[in-house]
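Here's a quick look at where the empty space sits in this protein and how its side chains pair up. Keep the structure open next to you as you read.

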Amino acid sequence: MNFVSKTALFRECSEEDIRNMARHLDFRTDKYRKGNVIFSAGNIVTDIGLVLSGSLRIEHTDLWGNKSILGITPAGDVFGESYACVPGEPMMVDAVANEDCDILFISVPKLFMPCSVCHSQNKLIQNLVIITAQKNLQLSRRSLHTSPKTIRGRLLSYFSQQLSAQGSNRIIIPFNRQQLADYLNLDRSALSKELGRMKHDGLIEYNKNVFEIKT
């Protein structure tokens, strides 16, 4: 419970209340290997997932098999909340284990059922609303990153946002090359070539997923 109590979802919830909610909200945990699909597009879900260890990625695949990565969900973050909170709404994306991970699942229908023992349940709901709003902002940022018509424009938009978020010219991104290409809706080969040009032009230095932005 120590790790769970430190997550954004359970912010300001006591460990005693978390134990009580574990019974009332049917907490359950599952393990997934890298590449396992946790939620699939078309699923009707009633649980939200909290990543206890490892990470997962949120993907969208169109009818022609083209894949886009919408984001990475690290340990401590939640997923599936938008669909679980809208009864009967099928998922439009896949949640896939980015590495071996442990997931805690929480029943949303029971979350909205009052409980006289779980004194922090309203706080949990408030935290969930804040997290959902933050996720909407993340999707808005991705829309901004994919709106430039050039590859360089998309990369500069993404790097600028990461530079601001991390507060340093040396940034670490959560994607490998293929995942970054998927996130920005780009061809991997074209992305790699443009990164090479940007390095040649003195705009960036990089090693794997560590980038130094020259400003």
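What follows covers the pockets, then the aromatic rings, then the salt bridges.

A word on the basics: this is a predicted model, so local features need pLDDT of at least 70 and side-chain atom pairs count only at pLDDT 80 or more, while totals for chains, interfaces and linings use all residues. Residues are numbered from 1 along each chain as its sequence is written, and side-chain values use heavy atoms, with hydrogens and water left out.

**Pockets**

The largest pocket has a volume of about 720 Å³. (A pocket here is an open set of points on a 1 Å grid over the protein atoms alone, where a 1.4 Å probe fits and protein lies on both sides within 12 Å along at least five of seven lines; lining residues have an atom within 4 Å of a point.) Its lining takes in 26 residues, and Leu70, Gly71, Ile72, Lys135 and Gln138 lie nearest the centre. Two or more lining residues come from each of β5 (67-74), α3 (81-84), α5 (121-146) and α6 (151-166). Helix α5 gives the largest share, six residues. (Helices are DSSP runs of H or I with at least four residues, strands are E runs of at least two.) By type, the lining splits into 13 nonpolar, nine polar and four charged residues.

The second largest pocket holds about 180 Å³ of space. Lys135 and Gln138 are among its lining residues too, along with others including Ala8, Arg11 and Asp77. Again α5 supplies the largest share of this lining, six residues. This one divides into four nonpolar, four polar and three charged residues.

**Aromatic rings**

There are ten aromatic pairs in the structure (ring centres within 6.5 Å; planes under 30 degrees apart are stacked, over 60 edge-to-face, the rest tilted). Take phenylalanine 39 and phenylalanine 105: their ring centres are 6.0 Å apart and their planes at 50°, so the pair is tilted. Phenylalanine 39 is in strand β2 (residues 37-39) and phenylalanine 105 in strand β8 (residues 101-107), so the pair ties together parts 66 residues apart in sequence. Both of these phenylalanines are buried (under 20% relative accessible area with a 1.4 Å probe, protein chains only; over 50% is exposed, in between partly exposed).

Elsewhere, Tyr158, Phe159, Phe175, Tyr183, Tyr206 and Phe211 make up one aromatic cluster. Arginine 142 lies over the face of tyrosine 183, 5.5 Å from the ring centre (the cut-offs being CZ of Arg or NZ of Lys within 6 Å of the centre and within 35 degrees of the ring normal). Lysine 199 does likewise over tyrosine 206, at 5.2 Å.

**Salt bridges**

The count comes to 13 salt bridges (a side-chain nitrogen of Lys or Arg within 4 Å of a carboxyl oxygen of Asp or Glu). Here are three of them.

| Acid | Base | N to O distance |
|---|---|---|
| Aspartate 102 | Lysine 31 | 2.8 Å |
| Aspartate 100 | Arginine 33 | 3.4 Å |
| Glutamate 81 | Lysine 135 | 3.3 Å |

Aspartate 102 sits in strand β8 and lysine 31 in strand β1 (residues 28-32), so this pair ties together parts 71 residues apart in sequence. Lysine 31 is exposed, at 68% relative accessibility. Aspartate 100 is partly exposed at 42%, whereas arginine 33 counts as exposed at 58%.

Glutamate 81 in helix α3 and lysine 135 in helix α5 link parts of the chain 54 residues apart, and both are buried. Finally, Arg152, Glu194, Arg197 and Asp201 are joined in a salt-bridge network.

Definitions and conventions:
Grid points are joined across faces, edges and corners, and a volume is the space filled by probe spheres set on the points. Ala, Val, Leu, Ile, Met, Phe, Trp, Tyr, Cys and Pro count as nonpolar, Asp, Glu, Lys and Arg as charged, and the others, Gly among them, as polar.
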